[in-house]
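Please go through this structure with me by question and answer.

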Amino acid sequence: MGTDTTALEHFDALIDADERIEPSDWMPDRYRETLVRQIAQHAHSEIIGMQPEGNWLTRAPSLRRKAILTAKVQDEAGHGLYLYGAAETLGTPREELLDRLHTGRQKYSSIFNYATLTWADVGAIGWLVDGAAIMNQVPLCRCSYGPYARAMVRICKEESFHQRQGFQIMLELSKGTDAQRAMAQDALDRWWWPSIMMFGPPDAESVHGDQNMRWGIKRFGNDELRQKFIDATVPQADLLGLTIPDPDLHLDEKTGHYVHGPIDWDHFWDVIKGNGPASRERMATRVGAHEGGAWVREAATAYAAKRAAAAGQDGAAA
Ligand code: FAQ
């Protein structure tokens, strides 16, 4: 008991001093659990998030666009890798984390439950989804858990490139033919509300928000980040000559913030329960890819075991 109290005091002191908690440090079980939950869900989002854009790799409008999109989708796989690695430092193996995803015990971001119907959706995802991801994730570079914070630094740099490529697609379409402008507007119409839902429920309904802010995992609440995103994005939509599909959206001159209309939170909760337009397809594809890749994992494990055995023999002979 005495030891635990001292350990807790040390942990609290590190948090109060805004220092990093490292894997070898003692930490409260709830801190560990919430980090495993958040980092794993973040990792799951990155790898499931490869699917909507992966859908357009074979139909990109030019070789240049195809190369850029391929690089982006590969980056998302890399983000998953860094994040599963960060989650594993908390003591839960990757196999277990993936099992939690595949059996529906852990979530992935609501945003990846929508279909990509046109090429403009690839632009809208880069512009809005990566834009929202950056707004949410830059503060995570200062997260109190060291391995997560460090993983986020590189992820955010790559997300910036993703956002720019998406905006550039939207810019080209919005300067194009009537049909291209209509395609860009249609993509904005379908991706706007899901993008602002990505930040999570309103603060009043956030389950983990307050505690995670006290622990320095989150630095801002869901509503504040959503507001920052809206404030940054409305002028970008103006520049594109596109209309945000919210008739109530207006600038409050006094606060300098945009005021948005009501968000359909019933729809959000329904989507994260697995009833989004593409939810079943996403999970079936993910589970199929995992099962199809079993031979790669078996071969890698067998190779590692053979090398370890050979090293053991060398050691015994020496
Ligand atoms: N979707 O109490 P809170 C990306 C859940 S990566 C699904 O407020 P918290 C890059 C939440 O888990 C996108 N579930 O939760 C990319 C909790 O349920 P639980 C992913 C959501 O943790 C771009 C419940 O609701 N980013 O886009 C969502 O304090 C393009 C109550 O919520 C991250 O994961 C949601 N949107 O705040 C890739 C960032 N929102 O777990 C490919 C890290 C909430 O108790 C292509 N995560 N829930 O069952 C975070 O910052 C936080 O976890 C929040 C939620 C802000 C997502």
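Q: How many Å is an oxygen atom of the ligand from an N or O atom in the side chain of His-208?
A: This is a predicted model, in which local features need pLDDT of at least 70, side-chain atom pairs count only at pLDDT 80 or more, and totals for chains, interfaces and linings use all residues. Residues are numbered from 1 along each chain as its sequence is written, and side-chain values use heavy atoms, without hydrogens and water. A polar contact is a pair of N or O atoms within 3.5 Å. For the ligand oxygen and the side chain of His-208, the distance is 2.6 Å.

Q: What percentage of the ligand's accessible area does the protein cover?
A: On its own, the ligand has 1100 Å² of accessible area, computed by the Shrake-Rupley method with a 1.4 Å probe. The part covered by the protein is 92%.

Q: Which residue has a polar backbone atom 3.1 Å from a nitrogen atom of the ligand?
A: The side chain of Lys-107 has an N or O atom 2.4 Å from an oxygen atom of the ligand. The ligand nitrogen instead pairs with the backbone, and the residue is Met-198.

Technical notes: A polar contact is a pair of N or O atoms within 3.5 Å; within protein, one must be able to donate a hydrogen and the other to accept it, and residues adjacent in sequence count only if both atoms are side-chain atoms.
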